[in-house]
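Q: Please take a close look at one part of the structure shown here and explain how it is put together. A connected account, suitable for a reader who has not met this structure before, would be welcome.

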Amino acid sequence: MPDFFSRRSYLVLIILIAVSIFITTVHYREGEDGLIHRSERLVMAAISPLQAAVTSILTPVKDGWDYLVHFGDLKRENRGLKQEIDHLREQVFELQSLKRENSRLRSLIGFKDQLQYETIPARVIGMPASNWWSSVIIDKGYSDGVRRHMPVIAGGSLIGQVVDVTQSASKVTLLNDVQSGVSVQVESTGEIGVVKGQLRENRLSLRYISRDSAIQVGDRIVTSGLGGLFPRGLYVGKVSKVTLSGYGLYKNVEVMPPVDFSSLEEVLVVKCEPITAFKEGN
């Protein structure tokens, strides 16, 4: 019995090989219009719709199976990508912060070179808990040469005055403090007034400007040097609004400083020798 099947198998195999060689030979020699070619095209045309249908059915199944098989890998990859995105966001934030700091420092250095006074660079390290943004704490103190009543500038303009000094830090009262007052001059008219803080919209109030004054929006306001507290000619801001009320003797003038008092980061302490305190009319 085994010999019979073995011989039969060999016979079938030989027949199949012979048929294959015959078909291959005919297929090679018959040309495109031959019987085998036509049969091949007919079979292809008959089964192609079935293949398309089977493929459309099996593709989602295959995709779903692949998803289930690789779910763990995808989850790990997704977690890794999220961590990489968070890391890249941190890098972008740091680069943007460094860019802004670099720009501020360049501006500060440029302004420092224009001053005729020696200055002490300092960083704002905090704000007193007693108020919001009418004073700041800087990281330079007595050991760095900072003394009480020294003017402080930032962004090319006067921002306040040192009022308290420790060995390594100082408190600076800003111009927008309601208790502050700086003697200033309108560059275009030469008039003298006093800039007061008002804790509103980052604007200052310029007082004692006559109702007959020719002051206009856009006029530059600088320190007058009167009173001996601040050096003459330090930029304070530009006139942003001028109004006249009733029968008052003075115009209502608002001054817009070039800096935002709530976001100060780097400042310069001017090493001059004031002779009076930081109060109205100085």
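A: Six strands, in the order β1-β2-β5-β4-β3-β12, form a closed barrel with antiparallel pairing. Between neighbouring strands of this sheet the average turn is 45°, direction ignored (axes are lines fitted to C-alpha atoms, for helices over the stretch in contact, and angles run from 0 to 180 degrees between N-to-C directions). Strands here are DSSP runs of E with at least two residues, helices are runs of H or I with at least four, and both are numbered from the N terminus. Two strands count as paired if DSSP finds at least two bridges between them.

The model is predicted, so local features need pLDDT of at least 70 and side-chain atom pairs count only at pLDDT 80 or more, while totals for chains, interfaces and linings use all residues. Residues are numbered from 1 along each chain as its sequence is written, and side-chain values use heavy atoms, with hydrogens and water left out.

The barrel may be followed strand by strand. Strand β1 covers residues 119-126 and runs antiparallel to β2, residues 135-138, with two bridges between them. Within this pairing, glycine 126 has isoleucine 137 of β2 as its bridge partner. On β2, the antiparallel pairing with β5 rests on four bridges, and valine 136 faces valine 172 of β5 across the sheet. Such pairing of strands goes through backbone hydrogen bonds, either parallel or antiparallel.

Is strand β5 mostly covered or mostly open? Strand β5, residues 170-174, is mostly covered, as four of its five residues are buried. Buried means under 20% relative accessible area, exposed means over 50%, and partly exposed lies in between (1.4 Å probe, protein chains only). Five bridges hold β5 in antiparallel pairing with β4, residues 157-165. In that pairing glutamine 161 stands opposite threonine 173 of β5. The two strands β4 and β5 form a hairpin, and four residues lie between them.

The strand that completes the listed order is β12, residues 266-270, where glutamate 266 is found. Glutamate 266 counts as buried because its relative accessibility is 8%. Its side chain also makes a polar contact of 3.3 Å with the side chain of arginine 123. A polar contact is a pair of N or O atoms within 3.5 Å; within protein, one must be able to donate a hydrogen and the other to accept it, and residues adjacent in sequence count only if both atoms are side-chain atoms.

Strand β12 also has a part in the packing. The largest nonpolar core holds 40 residues, and Ile159, Leu206, Ile221, Phe261, Leu264, Val267 and Val269 are those with the most contacts inside it. From β12 come four residues of this core, the largest share. Such a core is a set of buried Ala, Val, Leu, Ile, Met, Phe, Trp, Tyr and Cys residues joined through side-chain atoms within 4.5 Å.

Two members of that list lead to further strands. Leucine 206 touches, among others, Val184, Val186, Val195, Ile215, Ile221 and Val255, leaving aside residues up to four places away in sequence; contact means heavy atoms within 4.5 Å. Isoleucine 221 has glycine 237 of β10 as its bridge partner. Strands β9 and β10 pair in the antiparallel sense over three bridges, and β9 also has three bridges, again antiparallel, to β6, residues 181-186. One of the bridge partners there is valine 222 in β9, which is matched with glutamine 185.

In the loop between β9 (220-223) and β10 (235-243) lies serine 224. Serine 224 counts as buried because its relative accessibility is 3%. The side chain of serine 224 is joined to the side chain of serine 183 by a polar contact of 2.5 Å.

Two residues deserve a remark on their backbone. Most residues other than glycine have a negative phi. Histidine 149, however, has a positive phi of about 75° and sits in the loop between β2 and β3 (151-154). Tyrosine 208 has a positive phi of about 65° and belongs to strand β8, residues 203-210. At 38% relative accessibility, tyrosine 208 counts as partly exposed.

As for the wider setting, the protein has three helices and 12 strands, and 31% of its 282 residues are buried.
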